[in-house]
Amino acid sequence: MKTFYSPELLYLDGKFVHGKGLLVATDGTIARITTRDDIGDADIIDLPTKALLPGFVNAHSHTFQRLIRGKSESRIISGRDFWSWRDTMYHAALQLTPEEIYDVARMAFLEMLFSGTTTVGEFHYLHTDVNGQPYSDPNLLSKQVIAAAQSVGIRIVLLRTAYLRSGFELPRDPGQTRFFESTQDFLCNTESLISEFSSRSAKVTFGVAPHSIRAVPLADLQAIASWTHLHDLPLHMHVSEQVAENAACLREYGCTPVQLLHRNSILSERFTAVHSIHIQPDEIHQLANAGATICSCPTTERNLGDGIFAADQMMSAGIPIALGSDSQAQIDPLEDARELDYHLRLRDQQRAIVDLIEDVPIASRLFSCATRNGARALSVPSGEFLPGCLADGFTVDLDDLSIAGNSPPDLLPILVFTLNRTAICDVLIHGELVVKGRKHRLQNEIVSRYKNIHRRIWGSQNATLGAKSLSLLRNEWRGRRGSNPRPLP
Ligand SMILES: [Zn+2]
């Protein structure tokens, strides 16, 4: 039996229209976009006073990092930059049991659902136990994250990540113990995981993610990229997030990461460069000419002090920009979308910098970044309402305090620049409502289990922080960092 979703307003190709809805087939795809008198005996789900929009696509996530939210905002504990912030992240990575990885992922996915996200690209690099030994099933932790997505109901593209070394001429960092595999093991385990899930679930697909130039030497990168191309999968990689990683690449290869990828024919329409903050005009053209996507993660990049992403230059070059929640410092796709322009406003002391690039209005442009560009990066037919696409979307309450007082022509700018998460009512994935009236059937259980893990991981640290004076802690940390500074790549 087909289902007809009938909202007050439907978002179609940059506009909101009255009187139309989605006719959804039993396979979870959109049969057609039509009116109520053209649906035969389909079930009708009325969505009065609501607008229905395509679901957001989060193209870059590390779910376990949800656990360090609020724990990495102290300069004393997490230092002053990205490199020292990683110590806090590694602390969490080294504590979690497989069951806890499942529960933390469920918490992050649940928050994504309530933000209107219907597909997530999980860049997953926790592979082994805390001693660096493979589990009896070397894909155990990948499967825990997939099971978490299935439990919550979100569509997942698991980007299985290769992490082979700590950096050019660096010894292995103990904090990264759970990340490492050999190239051969990585490919073997990835192949086995994909074949196991190939016909099991339409909501689980895969991609491949060499972590970064610093973590994957060129010869291994070439082998992984060839394998990925052969299997026609998306290829994602952290690229030029930090100046220091570009400097290390220059020392090792005599060129920047993008130049290295270009020279070795690794850039393609299947390639997504995550971050791409510190890149030059010739590198922008190399990415554009290859048809690559860039995934920007503005909330995380702002939180980590990575730098300002030149969204205007990338858009002018015709590069599609997708968005990711990355470190989960905040999970809000529209906040990421609006920051693409807000950061440029601070840089240029002007307004609406990306408006009308190629004649595309700014709100429509930013909304596409949060939806269909991410779907493109993950090779998922989602992110827009078209016949044959997956029926993934969310509704907003048109009377919510953050957006009340709107008309169809100005609704999209209102949503993009001011929508509060409280306005999101229902979330539709694969033709089914997984959030109804702001409620998810597992919410209480997921939050309760997550709180227990948070208490276990951070409980002793909280007690320590309470017992010791700030100056004592400061001296301890300075002493540790002074005597054993973490090497940069
Ligand atoms: Zn990342």
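In this predicted model, the loop between strand 1 (3-12) and strand 2 (15-18) is home to Asp13. The backbone there does something a little out of the ordinary: Asp13 is not a glycine, yet its phi is positive, at about 50°. For context, most residues other than glycine have a negative phi. As for its surroundings, Asp13 counts as exposed because its relative accessibility is 70%, and the cut-off for that label is over 50%.

A second case turns up further along the chain, at Ser265. This residue, again something other than glycine, has a positive phi near 55°. Ser265 also sits in a loop, here the one between helix 8 (257-263) and strand 11 (271-275). With a relative accessibility of 64%, Ser265 is over the 50% cut-off and so counts as exposed.

Turning to helix packing, two packed helices are described by the angle between their axes and the distance between the axes. For helix 4 (residues 140-152) and helix 5 (residues 183-197), the angle is about 35° and the axes lie 11 Å apart. The two helices cross in a right-handed sense. On the helix 4 side, the contact is made by Ser142, Lys143 and Ile146, while helix 5 brings in Leu193, Glu196 and Phe197. Sorted by character, the residues of this contact between helix 4 and helix 5 come out as three nonpolar, two charged and one polar. The nonpolar ones are Ile146, Leu193 and Phe197, the charged ones are Lys143 and Glu196, and Ser142 is the polar one.

Notes
Residues numbered from 1 in each chain as written. Predicted model: local features only at pLDDT ≥ 70, side-chain atom pairs only at ≥ 80, totals over all residues. Heavy atoms only, no water. Helix = DSSP H or I, 4+ residues; strand = E, 2+ residues; numbered from the N terminus. Buried < 20%, exposed > 50% of the residue type's maximum accessible area, 1.4 Å probe, protein only. Axes fitted to C-alpha atoms, helices over the stretch in contact; angles between N-to-C directions. Left-handed = near helix turned anticlockwise from the far one by under 90°. Contact = heavy atoms within 4.5 Å.
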